[in-house]
Amino acid sequence: MRPHKLMFILPNLFTVTSILCGFYAMTLCSGEAGPTQLYQAALAILFAMFFDGFDGRVARLTRTQSDFGMQLDSLADVVSFGAAPGLLVYKWALEPLGFLGLFLSFAFAACGALRLARFNVLAMRSPHGGGGSFFVGLPIPLAAGVLVSMIIAHHAATGGAVLEMAARGPVAVASTALALLMVSTVRYRTFKDLRLSPRSAFVLMVMLASGVIIGTRFHPAYVLVAYSFAYLAFGLVESAFLVRKHLVARKLGGGAVVAAVLEDEDELDEEDEQRVA
């Protein structure tokens with residue numbers, strides 16, 4: 001076999017390793033899993049995010065992108081960032097809620113699968129889409145990352161204690177919100193077009209300073225949670241301003257030109273979907 005053909009295996013190895021991490025997380029959640037096993041499962045999903053983040057970059061560096069790799073990546077995401085986090089949050093917080101907890105855990109995995117199916121359909125319709133600066137809806141790895149960050153932070157802050165009953169309700173609400181955000185049309189920035197400038201450098205310094213303050217005054221494990229929820233809030237606020245802009249344009253313009261502009265932006269939203277991680 002030629003060395004160039006062997007290069008096609010490299011990015012797929014990263015993807016398969018991501019599946020391995022997700023599967024390992026599910027084995028840790030099986031049976032009477034304690035706080036230590038659930039913490040290890042959260043770390044396994046965190047490692048899956050690492051491998052998932054590099055498979056596409058490796059494919060681009062080696063020029064080995066393929067439809068097979070895209071489909072494999074979607075299947076890996078269903079396992080590692082849909083089924084595994086859904087089972088993990090069920091065992092960690094939602095199991096005492098009975099059928100409701102089971103349904104909410106399933107909803108997280110199902111909405112993740114629906115999001116990936118939407119991405120695949122749009123990719124087939126526009127395989128050479130131009131891409132953009134936004135995700136359309138919350139990507140499933142980031143949704144899983146929010147759940148994982150909460151579990152890791154709780155374990156580190158409490159020394160491995162069982163989650164209190166009073167906290168299970170807010171976790172259920174957070175899991176439901178993440179599921180809905182995945183199938184929504186809320187736009188989240190990819191930051192792939194970020195350029196170094198005084199403004200971006202200032203924002204970066206503010207983020208680093210905030211992380212240092214949170215880590216020193218509260219607990220280092222809270223930093224990842226704070227960054228995760230800040231990203232969620234930023235996307236919601238930015239989308240709210242975008243909706244307001246559309247409403248103002250409709251009110252002021254009220255003509256075919258404005259409708260055409262909005263239709264073009266909807267087409268760009270479909271192209272933006274090609275940038276799903």
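Here is a short chat about reading features in a predicted model.

Trainee: Let's start with the big picture. How many helices and strands are in the chain?

Mentor: A good habit is to get the overall layout before zooming in. This chain has 10 helices and 2 strands, and along the sequence they follow the pattern α-α-α-α-α-β-α-α-β-α-α-α. Buried residues make up 40% of the 277 residues.

Trainee: And which atoms supply the surface that the chain exposes?

Mentor: Carbon and sulfur atoms supply 70% of the roughly 15,400 Å² that the chain exposes.

Trainee: Let's pick one helix. How far does α6 reach from its first C-alpha to its last?

Mentor: With a helix, you can compare its span with the one expected from its residue count. Helix α6, residues 140-158, has 19 residues and reaches 27 Å, close to the 27 Å expected at 1.5 Å a residue. The helix is also mostly covered, with 15 of its 19 residues buried.

Trainee: What follows α6?

Mentor: That would be glycine 159, and its phi is positive, near 75°.

Trainee: Now single residues. Is lysine 91 buried or exposed?

Mentor: For this, look at the relative accessible area and compare it with the cut-off: buried means under 20%. Lysine 91 has 18%, so this residue is buried. You'll find lysine 91 in helix α4, residues 67-94.

Trainee: Which backbone oxygen does the side chain of lysine 91 reach?

Mentor: The one of glycine 31, at 2.8 Å. Leaving aside neighbours within four places in sequence, lysine 91 is in contact with Cys29, Gly31 and Leu38.

Trainee: Let me try another. Where is valine 186, and is this residue buried or exposed?

Mentor: Valine 186 sits in the loop between α7 (165-182) and β2 (187-189). Its relative accessible area is 15%, so valine 186 counts as buried. Not counting residues up to four places away in sequence, valine 186 touches Phe135, Val136, Gly137, Leu181, Gly235, Leu236 and Ser239.

Trainee: How are valine 186 and leucine 138 placed, along the chain and in space?

Mentor: They are 48 residues apart along the chain, while their C-alpha atoms are separated by 7.2 Å. For the chain as a whole, residues 24 or more positions apart account for 83% of the contacts with a separation of 6 or more.

Trainee: Last one: which residues form a nonpolar patch on the surface?

Mentor: Look for Met7, Ile9, Leu10 and Leu13, with about 310 Å² of accessible area together. Isoleucine 9 lies in helix α2, residues 9-29, and at 39% relative accessibility this residue counts as partly exposed.

Conventions
Residues are numbered from 1 along each chain as its sequence is written. This is a predicted model: local features need pLDDT of at least 70, side-chain atom pairs count only at pLDDT 80 or more; totals for chains, interfaces and linings use all residues. Side-chain values use heavy atoms; hydrogens and water are left out. Helices (H or I, at least four residues) and strands (E, at least two) are DSSP runs, numbered from the N terminus. Buried means under 20% relative accessible area, exposed over 50%, partly exposed in between (1.4 Å probe, protein chains only). A polar contact is a pair of N or O atoms within 3.5 Å; within protein, one must be able to donate a hydrogen and the other to accept it, and residues adjacent in sequence count only if both atoms are side-chain atoms. Contact means heavy atoms within 4.5 Å. Patches are made of residues with over 30% relative accessible area and no salt bridge: like charges are joined within 9 Å, nonpolar side chains (Val, Leu, Ile, Met, Phe, Trp, Tyr) within 5 Å. Accessible areas come from the Shrake-Rupley method with a 1.4 Å probe; for residues, only the protein chains shown count as cover. A salt bridge is a side-chain nitrogen of Lys or Arg within 4 Å of a carboxyl oxygen of Asp or Glu. The expected span of a helix is 1.5 Å times one less than its number of residues.
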